[in-house]
Amino acid sequence: MTAPEYDHKEIEAKWRKRWEEESSYAAVEDASIPKKYVLVMFPYPSGPAHMGHVANYCLGDVVARFSMRRGFNVLHPMGYDSFGLPAENAAISSGVHPAEWTRENIALIREDLKKLGYAYDWTRELSTCEPPYYKWTQWLFLKMFERGLAYKADAATNWCSSCGTVLANEQVLSDGSCERCGTFVDIRWLNQWFFRITDYAERLLEDVDLLEEWPERVLTMQRNWIGKSDGAEVVFTLESSGEKIEIYTTRPDTLYGVTFFLLAPEHPLVDRLARGTAIEAEVEAFRKRLAGRSEFERTAMEAEKDGVFLGDHVFNPVNGERVPVYTANFVLKEYGTGAVMAVPAHDQRDFEFAGKYGLPVRVVIQPPGETLAAGDMEEAYEGPGVMVDSGDFDGTDSEQGKAAVIELLESRGWGRGAVNYRLRDWLVSRQRYWGAPIPIIYCERCGTVPVPESDLPVILPEDLSLAEGGKSPLPLSESFYKAACPTCGGDARRETDTMDTFVDSSWYYFRYVSPLDDSAPFDRSAVEYWMPVDQYIGGIEHAILHLLYSRFFTKVLRDLGLIDFEEPFSNLLCQGMITKDGAKMSKSKGNVVTPGDYIERLGADTLRLYVLFMGPPELNKDWSDQGVEGAHRFLGRVWRLVHERYLPQSNGNTEEAGEKASRHRAMRSLTHRTIAMVTRDVERFAFNTAISFIMELVNEIYHYTSEGPPAREVLEEAVSSVLSLLAPFAPFISEELWTAVGGDGSVHRQPWPSYDEELARPEEVTLVVQVNGKVRDRLTVPADSSDEELRGLALECENARRFIGGSEIRKVIVVPGKLVNIVV
């Protein structure tokens with residue numbers, strides 16, 4: 001019997017329509033059923049879906065479909081992180097309004113996601129740029145403001161005077177110019193809105209230990225970003241004005257080794273010391289050299305040290321020494337106070353800086369059993385030892401000396417012991433248009449006034465166009481910024497900054513549980529049922545900011561009494577990247593692979609199967625057109641297996657005796673073993689090996705039906721198991737063939753197949769026989785054969801004997817269940 005054509009277009013369109021009409025994946029709270037909330041980080045709608053989307057969302061879909069069939073009530077939603085700068089850039093380059101560009105792209109990506117057959121509850125779809133969503137983003141801002149967690153302060157920013165806006169580091173080119181217009185970027189201090197995330201630093205750090213099902217790499221990154229350290233705050237005095245400058249150090253034991261003093265380029269004192277002096281131009285040129293450099297680039301050990309003497313000095317409190325003040329590229333305003341004492345003998349960056357600018361080096365810690373001389377040092381000694389040249393502390397162990405020096409500082413009023421965090425408060429305001437307006441009004445009489453909750457949302461007007469150079473039109477629009485003070489009713493001005501898009505994405509997973517609720521950001525009973533998210537999936541690039549901000553929001557919501565848990569995501573999977581020819585896909589390289597053509601030509605099931613088969617999800621994987629063609633050929637084999645091997649023989653014989661009966665048992669054994677292996681691998685996200693086991697089962701069914709008449713029950717069990725196991729990976733063809741073989745209902749609503757442990761244990765295994773590590777034969781033997789029996793059987797293999805010839809056998813290595821290697 002010849003199989004009908006495998007028409008993936010017709011099959012996929014048919015089942016998409018059916019699933020949508022039947023609301024097959026709509027989620028409803030049911031306290032009698034255990035829940036599983038499966039979520040993949042939502043996309044930024046910059047265009048149609050790309051292969052990164054396909055790979056990520058296939059992972060979540062397999063988990064969701066598998067969980068449904070394991071008896072869980074699954075919430076699997078989708079939405080769009082739809083505010084942000086790319087929409088503004090598109091408006092500048094094409095003249096399309098950001099709102100129009102964004103919604104057009106949402107329509108494109110939605111169409112692609114639906115074509116791929118993901119089991120989403122589309123009734124919960126949300127978009128962060130729509131008023132029903134950002135109303136509650138604004139509400140959460142107000143709650144932060146009420147608790148003193150939202151505040152305004154001056155902050156150093158990358159400022160493009162031509163565009164009239166703040167730029168992210170990524171928008172500043174390597175030569176310090178704006179990527180939009182080419183103007184050189186300045187460091188400008190602006191009054192900005194912050195969230196006081198540092199108030200939660202200790203909780204965020206301590207609760208990392210609760211995240212037992214997160215990758216250790218991510219936990220390490222979070223701990224390092226929070227960056228807790230114990231040390232001392234020390235007060236130095238500026239010579240020119242007597243001003244007190246506080247620094248933080250983890251090495252108070254090295255205070256006597258300070259030979260110069262450093263300020264971050266963004267520190268406000270740099271401007272004051274340089275303004276109107278001969279070094280002003282030099283400082284400006286120095287800052288331009290740094291514009292757009294990331295913290296990593298500036299602080300990397302191999303980075304060249306760069307700085308400018310600022311024409312002033314400070315006095316060291318412990319010994320009264322006068323040391324010069326510099327600004328340096330590797331000092332960050334975000335760490336400590338943005339001012340640093342420099343001890344070149346015991347800090348490598350300081351050592352390199354001192355070498356470049358001819359500054360003195362003084363050894364104040366001698367390592368155990370050694371004597372360092374400053375003039376002979378080729379690198380800083382940063383370890384512990386004995387304090388020297390340190391006044392009354394000479395001879396003190398440096399670890400004990402830390403506490404002793406802190407005691408001295410506190411007794412003299414020169415400083416105190418302190419805990420410091422690398423984590424800085426979160427700057428959330430942006431001088432841009434396409435974002436959620438900050439719900440604040442400024443009144444000359446009443447000051448800073450929050451917008452009343454009853455007036456939310458503060459609507460972002462979509463009838464405005466970007467001003468010249470891409471500037472935000474909000475400060476220029478009287479209809480937007482003119483407002484009445486909510487307190488006194490007088491004339492007032494609305495805040496024209498918008499919120500960082502990370503704010504939108506820091507709570508969206510709560511909104512999914514009740515996306516249509518207009519009375520609250522989320523329904524508390526729905527949150528109690530669905531939250532926290534059981535399985536979260538996303539890229540490692542979000543390991544710090546997005547995940548940290550989401551954890552912060554969750555803790556704030558707990559403190560507000562709105563939830564009763566501390567962490568938003570119980571389990572985390574970070575997937576790798578899909579590359580092309582070994583490089584990251586990008587439009588500029590011309591190596592972007594889009595799914596549309598493959599869906600059209602080969603089908604969504606083929607694409608899904610291939611991206612899941614490429615390799616372990618956490619690793620980067622390189623795209624191969626040959627690989628995707630191979631996935632399509634496999635699905636063709638499954639199609640023909642059902643139509644040419646199963647359906648014509650489904651009324652075949654039921655039993656055979658003797659040796660032939662063992663053939664049927666071997667087939668059943670492999671079926672049950674495959675169910676066991678696929679179940680295990682899906683549970684641990686080893687989707688590539690799970691698919692491999694299904695492929696092996698398909699191959700064996702072909703062999704089984706070729707060797708003689710199959711037993712009806714055996715063949716039915718094997719074929720139905722293939723379709724059942726394949727369904728989460730290739731949902732369309734599995735549903736079609738399940739119907740063809742007369743399966744009950746939808747394959748996606750069937751319980752996950754179970755297996756008999758006794759049957760899953762093989763009676764026979766096939767071993768590879770190697771000679772000097774090269775495969776020379778294969779051997780099928782009883783599964784319980786001893787190592788000695790395997791050695792003997794391997795040595796009798798005809799091919800093996802031919803390659804051994806007259807050589808001396810040195811040893812025979814047995815790897816049970818795998819191979820026998822004869823070493824000659």
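Two strands pair if DSSP finds at least two bridges between them. Hold on to that, everyone, as we walk through this predicted model.

Let's begin with a hairpin. Strand E8 covers residues 228–238, and strand E9 covers residues 244–249. How many bridges join E8 to E9? There are six, and the two strands run antiparallel. One of the matched positions is Ala-232, whose bridge partner in E9 is Thr-249. Between the two strands sit five residues, and in that turn Gly-242 has a positive phi of about 75 degrees. As general background, strands of a sheet pair through backbone hydrogen bonds, and they can do so parallel or antiparallel.

Stay on E8 for a moment and find Ser-229, which is in this strand. Is Ser-229 buried or exposed? Its relative accessibility is 15%, so Ser-229 counts as buried; the cut-off for buried is under 20%. Now look at what surrounds it. Setting aside neighbours within four places in sequence, Ser-229 is in contact with Tyr-248, Thr-250, Tyr-335, Ala-418, Val-419 and Asn-420. Try clicking through those residues on your own screen.

Next, a sheet. Here we have an open sheet of four strands, in the order E20-E19-E22-E21, with antiparallel pairing. Which strands are at the edges? They are E20, residues 447–450, and E21, residues 482–484, and each of these pairs on one side only. From one strand to the next, the twist averages 40 degrees. Within this sheet, E19 (residues 440–443) and E22 (residues 491–494) pair in the antiparallel sense over two bridges. To see a matched position there, find Ile-441, which stands opposite Arg-494 in E22.

On to the cysteines. How many disulfides does the structure hold? Zero. Let me show you a couple of cysteines in that light. Cys-58 is in no disulfide, and the nearest cysteine sulfur, belonging to Cys-574, is 18 Å away. Cys-58 has 0% relative accessibility, so it counts as buried. Then there is Cys-446, where the nearest cysteine sulfur is that of Cys-485, 3.7 Å away. Why is that pair not a disulfide? Because a disulfide needs the two sulfur atoms within 2.5 Å, Cys-446 is in no disulfide at 3.7 Å. Cys-446 is partly exposed, with a relative accessible area of 32%.

Now for some backbone details. In general, most residues other than glycine have a negative phi, and most peptide bonds are trans. With that in mind, let's visit some exceptions.

The peptide bond from Leu-456 to Pro-457 is cis, with omega near 0 degrees. Where is Pro-457? You'll find Pro-457 in the loop between E20 and helix H13, residues 478–481. Another cis bond runs from Met-531 to Pro-532, with omega near -5 degrees. Pro-532 is also in a loop, this one between helix H16 (524–530) and strand E24 (533–539).

As for phi, look at Ser-23: this residue is not a glycine, yet it has a positive phi of about 45 degrees. Ser-23 lies in the loop between helix H1 (8–21) and strand E1 (35–40), and it is partly exposed, with a relative accessible area of 45%. Phe-685 is not a glycine either, and its phi is positive, at about 65 degrees. The loop that holds Phe-685 is between helix H21 (658–683) and helix H22 (687–707).

That's the tour, thanks for listening!

Conventions: Residues are numbered from 1 along each chain as its sequence is written. This is a predicted model: local features need pLDDT of at least 70, side-chain atom pairs count only at pLDDT 80 or more; totals for chains, interfaces and linings use all residues. Side-chain values use heavy atoms; hydrogens and water are left out. Buried means under 20% relative accessible area, exposed over 50%, partly exposed in between (1.4 Å probe, protein chains only). Contact means heavy atoms within 4.5 Å. Axes are lines fitted to C-alpha atoms, for helices over the stretch in contact, and angles run from 0 to 180 degrees between N-to-C directions.
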